[in-house]
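Visitor: I've got the viewer open and a pile of "how do you know" questions. Can you walk me through the reasoning?

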There are 2 protein chains.
Amino acid sequence: MYDKAMHALGSTQSGIRELFDYGQKQAAIVGKENVYDYSIGNPSVPAPEAVKKAIQELLEGDPLALHGYSSAQGDGWARKAIAENLSRRTGDNIDADCIYFTCGAAPAIVGSLRALRQDENTEVLLLAPFFPEYTMYAQACNIKAVVVPPDTENFQVDLAAVEARISPNTQAIIVNSPNNPSGVVYSRETLEAMASLLRKKSAEYGHPIFIICDEPYRELVYDGGEVPYVPAIYNNTIICYSWSKSLSLPGERIGYFCVPPCVDDSKNVYAAIKGAMRTLGHVCAPTMMQKVAAKCVDIMPDLRVYDQNRKTLYEALTGYGYRCVYPQGAFYMMIGAPDGDDNAMSERAKKYNLLIVPGTGFGAPGFLRISTCVDPAMIQRSLPAFKALMEEYK
Amino acid sequence: MYDKAMHALGSTQSGIRELFDYGQKQAAIVGKENVYDYSIGNPSVPAPEAVKKAIQELLEGDPLALHGYSSAQGDGWARKAIAENLSRRTGDNIDADCIYFTCGAAPAIVGSLRALRQDENTEVLLLAPFFPEYTMYAQACNIKAVVVPPDTENFQVDLAAVEARISPNTQAIIVNSPNNPSGVVYSRETLEAMASLLRKKSAEYGHPIFIICDEPYRELVYDGGEVPYVPAIYNNTIICYSWSKSLSLPGERIGYFCVPPCVDDSKNVYAAIKGAMRTLGHVCAPTMMQKVAAKCVDIMPDLRVYDQNRKTLYEALTGYGYRCVYPQGAFYMMIGAPDGDDNAMSERAKKYNLLIVPGTGFGAPGFLRISTCVDPAMIQRSLPAFKALMEEYK
C-alpha cells in the first residue's frame, strides 16, 4: 500500500529531535531554566535588522513582480548579485548562470547527487562525522552511502580511510566544513591532500569524482581562521549553500547550488542538476527570499555570542576533565565519552537535565555533540551539571 | 559523468516557457503592446492587501521565532488554522496532523508518489489533458506514467479509457480539477463514477488505488459552480494544494498535502509521505509564508477579472468560428485546431504575434491552451489577430 522504507523514516524521529522533545517535556516538570538543552542547531542570534528592512522595502514594490514565479533557477537579478559577491570574495569567475536558488542546502545536495548518479552501483562517500540526513538524500537517489570513519585525533580527514573506500563507482564525496557536528574547519592542507587523492583516483577510473561542498557554516569561523574556497583547490567541486546560519533564517529555507566554471563540462553539469531539480519539484525557490538574500548578500553574521559561548564551554569543560575537540567554526563542539559509550553518556546527562547528542548518529561513536548556539546564561547555569556528570566517570 | 536523462530535462525548455521567451524577444522588436501573450499561467491579479499586512505584522514579532525552523511538517499553529478552515468548508474532520506544509503543490505530488511506490512496476494514471511536469515527478520516483487520453467532447473523464489502463500495478491516479489546461471542472457525476470504478478495481486487486488530488485552482470556479470535495466521494484521496493561484503567490511556493482521516490507515500513509519528503529534502516549508497562509486562510480570491476575461474570449472566439471548450474554472481555456494540428496552429498564430500553447504537451493533441490570466486590454487588442488566424482556416 505504501513504501515501507519511507514509512519507517516518517515514523521515527532523529535522535536530536527526540532529545529536544524530551527537553520540552522536562521543562514543564522542572522549569525551563533548569533544563540545559544543547541539542538543536538553531541560530540563537536573531536575523539582522537588514533582513526586516529588505522585506519591508520589497513589500512596497509591485506584488505581482515580488511574489510571481521566477525561472526554475531563480531570479536573474538576484542570481547576479550572489554571483558577483562570490566572485569578489573568492577571486573566481562566477556568473549568474552558475547559480541556482534552492530551498536551503538540502535540496541542492539531493539534486547534485541525483544528477551525478550513474547506475544502481553509484556510491557517495560521507566523511564522518557527518549530518545524518545525508544518508537519506543518498537513499532518495538510490545511491549507496559509504561512510569513511573519522580521524578521531583532530577531526580532519583520514585520507587513508578515504582511499580505502574509493571505488570506480564513487561519483562524489560530501565535504562539510566548518563541520556539523565537530565544529572543526578542514585545513587547506587537508583539502589539498584530499584533492590530490581525488585527482589521482579520477584519472585512474577515467571519470571525475566530485566534491559536493555543503557549506552553510562558511561564514561561521573564529580566531581569524580561514575557510578555504574549495573549487580553487579542487576543480570538480559543487557548492551547496544556505543562509540558514549566516543570516539566521533557518526556517526560510533559502540557499543555492553553484557549479563554478572550473568544473569539467560545467554547463552540462549545471544542466543535469537543473533537470534533477525539476523532477524532484525543487524549482523557483521562494521569490521574496531570493531577493532578500540578494539584498543582504554582503552582511556578515555577528559571531560574538557564538564565539564567547564556545570559549566559555571549551575552557570550563576541559577544566573539568572532558576531552574536547577544539571548535574552530560553526556553532558546535564535540566531547569524548570517557568510557567510549556516547549513548550511555547522553542518558546519564539527562539525570542533570543536560541534553547532549550522542555522536553515533553522526558516524562518530564515542563522542557527543554540544550545540553552542544557546543563551550564554544557560551555559553558566549548566556548568555544575557538566561538572557532576564528569565526576561520575572519575 | 552525469545522468543523461536529467541532463536532457535540464537542457530543454518546456514548450510554454519557449513561447513565453519568444514573446519577450518579439516584444523588443514590435513593441510590448503588439504581442498577445497567452502562454503563461501566472496570476494577473496581485496578492490581496491582507498578505502584505500579514507579513508586516509578523515582522514586528520575534525574528527568531518567525524565521526559525518549524518541524518537518510545519508550524503546529499554522497547520491547525489550515485544518480548521478545511473542516469548516468541507464538513470533514481534518486536524493539524493531517496537514504537511510544502513548497507548492509539486513537492506534495512528488512525495505522495514516492510514498505510494511499490516496486519497479508501479504505475500512476495521468488523465489527459494534464500538467506536463507530472511525467517528471513520476520519473523522479521511478514510477511509470500511464496516460489516459482525453474525453475530447466535454473534457470530463473517459472512464472506459481509465478502466482499460488500470492494472494491478496502478497505485494512484492524479486528478486536477479545475483543470489546467482545459479550464473544465470535473462534475460530481464524473467523480462519483470514477470513485465507483476505483473502488471496484481496488477490491479486485486487493490494494487501494489512491486519488492524488492536485487542486491549486480549487477556489477559481465561475458561474456559481461547485468543486466537489473529493475525499467525501472517494475515501483514498490525498489532497495537494498550493496558494499560488488563490492568493496570487506563485513564486512563494507555499502549499500542503493533506491526508484526511477517511483514507485507509491514514496515519501511516501520512507517515510514509513524511518519510519520502525527508529523503527528498522537502521539510519545513518556508516558515514565514506558512504563517502568512494561516493568517489569510479565509480570504477568497477576487475572480472578477478572470471571470470577465474568459467571458470576453469565449464569446469573441466562438463568434469567429473557434471550437472552444467552455471554461468553468481555473484561468485557462482550450480551443480546437480546425485541421487538428495544434503545433502548426501555434506556429501560424505567431505571425500575428499571438502566443497560444499547443495541447500536445498536455496530452491533448488537436487543442491549444489560452491563459486567461491576462490584462483585459490585451484581450481587446488581440481580437483582430484571433479573427485573422481563423480566417486562414476558412
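Visitor: What makes S6(A) and S7(A) a pair, and which way do they run?

Guide: This is a predicted model, and in it 4 bridges join S6(A) to S7(A). Pairing takes at least two bridges, so these strands qualify, and they run parallel. For a spot to click on, A:Ile211 has A:Thr237 of S7(A) as its bridge partner.

Visitor: And how does S7(A) pair with S8(A)?

Guide: S7(A) and S8(A), residues 255-258, pair in the antiparallel sense, over 4 bridges. There you'll find A:Ile239 opposite A:Cys258.

Visitor: Why is S7(A) called largely enclosed?

Guide: Buried means under 20% relative accessible area. In S7(A), residues 237-242, 6 of the 6 residues are buried, so the strand is largely enclosed by the rest of the structure. A:Thr237, A:Ile239 and A:Tyr241 point one way, A:Ile238, A:Cys240 and A:Ser242 the other, and all are buried. In a regular strand, side chains alternate between the two faces of the sheet.

Visitor: Let's go to chain B. What makes S2(B) and S4(B) edge strands?

Guide: Start with the order: the open sheet of 7 strands in chain B reads S2-S8-S7-S6-S5-S3-S4, with mixed pairing. S2 (99-102) and S4 (144-148) of chain B each have a single partner strand, so one side of each is left without a neighbour in the sheet. On average, neighbouring strands of this sheet are turned by 20 degrees against each other, direction ignored. For S2(B), 4 bridges make an antiparallel pairing with S8(B), and B:Ile99 stands opposite B:Cys258 there.

Visitor: Which helix packs on that sheet?

Guide: One that does is H7(B), residues 133-140, touching S3, S4, S5 and S6 of chain B. The direction of H7(B) makes about 175 degrees with that of S3(B).

Visitor: Why are H10(A) and H7(B) called roughly perpendicular?

Guide: Their packing angle is about 100 degrees, with the axes 7 Å apart. The range for roughly perpendicular is 65 to 115 degrees, so H10(A) and H7(B) fit that label. The contact is made by A:Arg278, A:Thr279 and A:Leu280 on H10(A), and by B:Glu133, B:Met136, B:Tyr137 and B:Ala140 on H7(B).

Visitor: How do you know that the two copies are related as by a two-fold axis?

Guide: Chain B superposes on chain A after a rotation of 180 degrees with 0.0 Å of shift along the axis, at an RMSD of 0.0 Å. The copies are thus related as by a two-fold rotation axis. Also, 100% of the interface residues of chain B are interface residues in chain A too, so the copies meet through the same surface.

Visitor: How does the span of H9(A) compare with the expected one?

Guide: H9(A), residues 188-205, has 18 residues and reaches 25 Å from first C-alpha to last, close to the expected 26 Å. Its buried residues include A:Leu191, A:Met194 and A:Leu198, and S3, H8, S5 and S6 of chain A are among what covers the buried residues of H9(A). Just past the helix, A:Gly206 takes a positive phi of about 75 degrees.

Visitor: Last one: why does B:Arg89 count as partly exposed?

Guide: Partly exposed lies between under 20% and over 50%, and B:Arg89 has 37% relative accessibility, so the label holds. B:Arg89 is found in H5(B), residues 76-90. Leaving aside neighbours within four places in sequence, B:Arg89 is in contact with B:Arg218, B:Glu219 and B:Met300.

Conventions: Residues numbered from 1 in each chain as written. Chains lettered and ligands numbered in written order. Predicted model: local features only at pLDDT ≥ 70, side-chain atom pairs only at ≥ 80, totals over all residues. Heavy atoms only, no water. Least-squares fit on C-alpha atoms with pLDDT ≥ 70 in both. Contact = heavy atoms within 4.5 Å. Helix = DSSP H or I, 4+ residues; strand = E, 2+ residues; numbered from the N terminus. Axes fitted to C-alpha atoms, helices over the stretch in contact; angles between N-to-C directions. Expected span 1.5 Å × (residues − 1). Buried < 20%, exposed > 50% of the residue type's maximum accessible area, 1.4 Å probe, protein only. Parallel < 35°, antiparallel > 145°, perpendicular 65-115°, else oblique.
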